[in-house]
Amino acid sequence: MTRVNFAGNDYLGLARDPRLADALCRAVREYGISSTSSRWALGWTDLHQKLEDALAAFTGAEAACITGAAYFGGPVYYSVFAGSGRVVYCDETVHSNQFLGMRAAGLEIRKFKHLDAGDLKRQLKGHKGPAPIVAADGVYGISGEVAPLAEMAEAARAVGAEIFVDDAHGFGALGASGRGSTELCGLAPAPDLTVLCSMSKAMGCNGGFLTGRKELVEKFRRSAAASGSAIPPPPIAAACLESLRIIREEPELRDKMESHARRLRAALAARGVSVVSDRTPILGMVFKDEFEAAAADKHFLKHGLVIPYFKYASEPRENLLRGAARACYTEEHLARFEKAVATLKR
Ligand SMILES: Cc1ncc(COP(=O)(O)O)c(C=O)c1O
């Protein structure tokens, strides 16, 4: 029995799409396999320029900045505010790339309760000093929870704050046109909004990018965190361009992913397993404790379904098992999941 990935982040099934492989192979012949350096040290090619322009155009932001990984996003973003005296108000469970960036930039951090825009608002009322930064993950990568971005932005804008959203898991997968959690929450591109996206999740490729206002993005490009490491290899940039085209032109992939997610959730609900959020392809399955979650991992594996349980770095709850729906499942895969869930020990 072949094992099937029922976790991971390949929500649209693009990582193994032959059209991306073709684009990549064509570019390998012309450009070689590595960028070998940063954007300023001859790593940059016409493919990278096309990709950056296409990402800005697709998201509707003024500009975009490609990075070697989305993980560099926090360090790049916060580094441009080092020494500014700005305070960062962030959701208490943002991804580690944000904490890494805030700490490296020496910024004061004040955490608000997870997903609690009311707590953010209360804390901002007492704010003194330069305009702060308000930060969250658009989608929490283990639970699949979506941040209340519209309410957060309203509170942030009342005090003239910068807004930073890490949408690594939302871009490509969420929103009517795949623009991510900001689109899902009705948050339009704006000069005060910077969004971090990953190209290694729904896009099925590798690397990351930040979008925002021109003046800030130009600083990102010049920052040590962005310019001190290699950019994604040119063949990956070619695959990203193809992936972006598919995301733009084939909304049916998102429809499939959503319908598969609904079917998996229904099977879990019928067995009495609740899922933290129903707004994303991420299945944050809730078990009694970590032992039951780990046992479920083993049970799924017996059925050839790979849903690994481990200590998730950014998720404090230990009783969650993180699965994910993908657009590329076949009827056999879905039926196999349903069969496995039906005999899950409760
Ligand atoms: C919320 C969040 N942000 C950023 C990243 C980093 O993304 P990448 O793997 O593209 O560097 C991850 C990775 O899982 C993530 O979950």
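**Exercise 1.** How many residues of domain 1 are in contact with residues of domain 2, and how many of domain 2 take part?

*Solution.* Keep in mind that this is a predicted model. Begin with the bounds: domain 1 covers 16–249 and domain 2 covers 251–342. Next, look for heavy atoms of the two domains within 4.5 Å of each other. The search gives 25 residues on the domain 1 side and 19 on the domain 2 side. The centres of the two domains, taken over C-alpha atoms, lie 27 Å apart.

**Exercise 2.** Find the area buried between domain 1 and domain 2, and say which three residues of domain 1 supply the most.

*Solution.* The area comes to about 1600 Å². Carbon and sulfur atoms give 57% of that area. Now take the part that domain 1 buries: Ile142, Ser143 and Ala173 supply 34% of it, more than any other three residues.

**Exercise 3.** Which side chains form the salt bridge across the interface, and what else can be said about polar contacts and residue classes there?

*Solution.* First, the count: there is 1 salt bridge between the domains. Second, the partners: the side chains of Glu145 and Arg317 meet at 3.0 Å, N to O, which falls within the 4 Å limit for a salt bridge. Third, 6 residue pairs are in polar contact between domain 1 and domain 2. On the domain 1 side, helix H11 (residues 234–249) gives the largest share, 4 residues. By class, that side has 10 nonpolar, 12 polar and 3 charged residues.

**Exercise 4.** Why does the radius of gyration of the chain agree with a compact globule?

*Solution.* A compact globule of 346 residues would have a radius of gyration near 20 Å, and the chain has 20 Å, so the two agree. The C-alpha atoms fill a box of roughly 55 × 55 × 30 Å along the principal axes. The chain that fills this box has 14 helices and 11 strands.

Methods. Residues numbered from 1 in each chain as written. Predicted model: local features only at pLDDT ≥ 70, side-chain atom pairs only at ≥ 80, totals over all residues. Heavy atoms only, no water. Domains from an automatic or database assignment. Buried area = accessible area lost by both parts, 1.4 Å probe. Polar contact = N/O pair within 3.5 Å; in protein donor to acceptor, adjacent residues only side chain to side chain. Helix = DSSP H or I, 4+ residues; strand = E, 2+ residues; numbered from the N terminus. Nonpolar A, V, L, I, M, F, W, Y, C, P; charged D, E, K, R; others polar. Rg over C-alpha atoms; globule rule 2.2 N^0.38 Å.
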